[in-house]
Amino acid sequence: MSDFNNNFWNIWVIVITLGGILFCTLLLWTQSRARNTKGEVTGHLWDENLEEYNNPMPNWWRWLFYLTIVFALGYLALYPGLGTFAGNKGWTSVGQYEQERAAAEAQFKQAYGGLLSQNIELVANDPKAHEVGERMFLTYCAQCHGSDAKGAKGFPNLTDNDWLWGGAPDQIKETITKGRTAAMPSFAHLGPQKIKDVAYYVRSLSGVVNANTPEADRGKEVFNTAGCTACHGPQGKGNIGLAPNLTDKTWLYGGRDATLIETITKGRNNSMPAFGEFLGEDKVHLLAAYVYSLSQGNRAEAGK
Ligand code: HEC
Ligand code: HEC
């Protein structure tokens, strides 16, 4: 395949490549036919008696040079190199990559085939699957969720049994396969005072601040009328797959006053990328089992 839209660059590359080889051949040929200068000195003299000879190149060296020329021509006939000419073997880097990938996939299937047909709870207890899952997690997931899977601000902890999108094996698998995008809308239109009140109320839900204050009452009023309950539920206990529980002490973004105000004012739209197409179902299956095992308190220590 060529990105050129006319033939000029194709011919340009061919001329330069073949021209270069031809030039080297001619140079070598004419030089080796030059008169025999063996034993002649050039007249350059160092350190009183160190003379430079004008001997011709040794034969072994010349033949090596010819060999590189033959090699270059052979190579250009077999592999891509001359402009858009694909070479006789039809080799491409993409083709090689796909071949290697297919071989690796086949090897993976052979090694873990038994595990892929088992359900995720069973796989989660398999030490070998745990080890592979951990390795994949470190490669594909750790940059966001941390190498211990405990997450960070905005990136959920996967070891705590507190789920935004559900902790059942199938729900975890679906999260990894399709990705998830959270939709916490912005409530800037409420204005600073109401946002402050509702943030206070949210904190009172988890017992951080006193729930029997006028501020909490005003906040509760906002919570019930502004639409928070539609997603977080009437008691703020959340709904799996819709909005998180606000009554526990587990925070995705943080439970401090300023953070809550920021969350409510600007909204949050974090997303978990989809890995289904990129990794394929087999690997997602093992990863789901690994993630599932993290919160089950059954880390397969036995296999270590
Ligand atoms: C680019 C960052 C990023 C990468 C990479 C990433 N995740 Fe996530 N993941 C997130 C974010 C952000 C969320 C939370 C989405 C939300 O706010 O609802 C999430 C959520 C999840 C959840 C749902 C947690 C819950 O409480 O329901 C699981 C499970 C998960 N990720 C597993 C994985 C696995 C396994 C991998 C590796 C294949 C991975 N993630 C890679 C950013 C990432
Ligand atoms: C359309 C549904 C929806 C509505 C309405 C909604 N939220 Fe949310 N809220 C979410 C989602 C989804 C998240 C999680 C965002 C994420 O995972 O990135 C969230 C997250 C939050 C968080 C952060 C929790 C944490 O763990 O850090 C707070 C606080 C919050 N919402 C408060 C409110 C308040 C107060 C209101 C009403 C003024 C409200 N929400 C209205 C869907 C909603």
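Q: What classes of residue make up the shell around ligand 1?
A: In this predicted model, the shell has 17 nonpolar, six polar and one charged residues. Ala, Val, Leu, Ile, Met, Phe, Trp, Tyr, Cys and Pro count as nonpolar, Asp, Glu, Lys and Arg as charged, and the others, Gly among them, as polar.

Q: How many residues surround ligand 1, and what makes a residue part of that group?
A: The number is 24, and C141, C144, H145, W165 and M272 are the closest. A residue is included if one of its heavy atoms lies within 4 Å of the ligand. At least two residues each come from α6 (142-145), α7 (169-178), β4 (271-272) and α12 (276-294); these helices (H or I, at least four residues) and strands (E, at least two) are DSSP runs, numbered from the N terminus.

Q: Why does H145 count as making a polar contact with ligand 1?
A: A polar side-chain atom of H145 is 2.8 Å from a nitrogen atom of ligand 1, and a polar contact is a pair of N or O atoms within 3.5 Å, so the pair qualifies. Polar backbone atoms of L164 and W165 also qualify, with 2.7 Å to an oxygen atom of the ligand in each case.

Q: Which residues make polar contacts with ligand 2?
A: Y253 has a side-chain N or O atom 2.4 Å from an oxygen atom of ligand 2. A backbone N or O atom of L252 is 2.7 Å from an oxygen atom of the ligand, and a polar side-chain atom of H232 is 2.8 Å from a nitrogen atom.

Q: How do you know which residues coordinate the iron atom of ligand 2?
A: Donors are N, O and S atoms within 2.8 Å of the metal (3.2 Å for Na, K and Ca). M184 (SD) and H232 (NE2) lie at 2.0 to 2.1 Å, so both count. M184 is in the loop between β3 (180-181) and α8 (192-205), while H232 is in helix α10, 48 residues apart.

Q: Why is the iron site called octahedral?
A: Six donors count as octahedral if opposite donors are over 155 degrees apart and all others between 65 and 115. The six donor atoms here give angles of 87 to 178°, and the site is classed as octahedral. Ideal octahedral angles are 90 or 180 degrees.

Q: Are M184 and H232 buried or exposed?
A: Both are buried, meaning under 20% relative accessible area (exposed is over 50%, partly exposed in between; 1.4 Å probe, protein chains only).

Q: How are the values obtained and the parts numbered?
A: Residues are numbered from 1 along each chain as its sequence is written, chains are lettered from A and ligands numbered from 1 in the order in which they are written. Local features need pLDDT of at least 70 and side-chain atom pairs 80 or more, while totals for chains, interfaces and linings use all residues; side-chain values use heavy atoms, without hydrogens and water.

Conventions. Polar contact = N/O pair within 3.5 Å; in protein donor to acceptor, adjacent residues only side chain to side chain. Tetrahedral: all angles 85-135°; square planar, octahedral: opposite > 155°, others 65-115°.
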